[in-house]
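Good morning, and thank you for coming. Please look at the structure on the screen, and I shall begin with its aromatic rings.

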Amino acid sequence: LLVNVALEAAEEKTIAQIAEREFVVRDAMLAVMGAKTVPELADIAQRAALKDTLRMEINKVIDEGKVERFYFTQYVMQ
C-alpha cells in the first residue's frame, strides 16, 4: 500500500505542529492502516470511514487545533 495524504486545518499552528511531530503522526496513521485487512483497504466504499478514522487519530496526537479535512492524494494497492 502506498498513500500520500494532504491535511487541512483552520489554524496555521496546527499544520506547523503536524510538521514538527511528523513521525508521531505517521506512526498513528500506520497503526490504523496496519489494523485493516487487505479487503478493507481495497474497498472504496470504506475509504471515507478510513479518512475519518485517520483524521481523528491525528487529532489525538496533536495539541494545537485540529485537522479539519483529510485527503488521499494518492492511494495505490499492489
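The structure contains two aromatic pairs; rings of Phe, Tyr and Trp (its six-membered ring) pair if their centres lie within 6.5 Å, and planes under 30 degrees apart count as stacked, over 60 as edge-to-face and the rest as tilted. One pair, F70 with F72, is edge-to-face, at 5.3 Å centre to centre and 80° between the planes. F72 also forms an edge-to-face pair with Y75, at 4.9 Å centre to centre and 75° between the planes. Ring pairs thus link F70, F72 and Y75 into a cluster.

I should state how these values arise. This is a predicted model, in which local features need pLDDT of at least 70, side-chain atom pairs count only at pLDDT 80 or more, and totals for chains, interfaces and linings use all residues. Residues are numbered from 1 along each chain as its sequence is written, and side-chain values use heavy atoms, with hydrogens and water left out.

Are the rings of this cluster on buried or exposed residues? F70 is buried, because its relative accessible area is 6%, and buried means under 20%, exposed over 50%, partly exposed in between (1.4 Å probe, protein chains only). F72 is buried at 18%, and Y75 is buried as well.

Finally, the whole chain. Buried residues make up 23% of its 78 residues. The chain has four helices and two strands (DSSP runs numbered from the N terminus: helices are H or I, at least four residues; strands are E, at least two). Their order along the sequence is β-α-α-α-α-β. The C-alpha trace spans about 35 × 20 × 15 Å along its principal axes.
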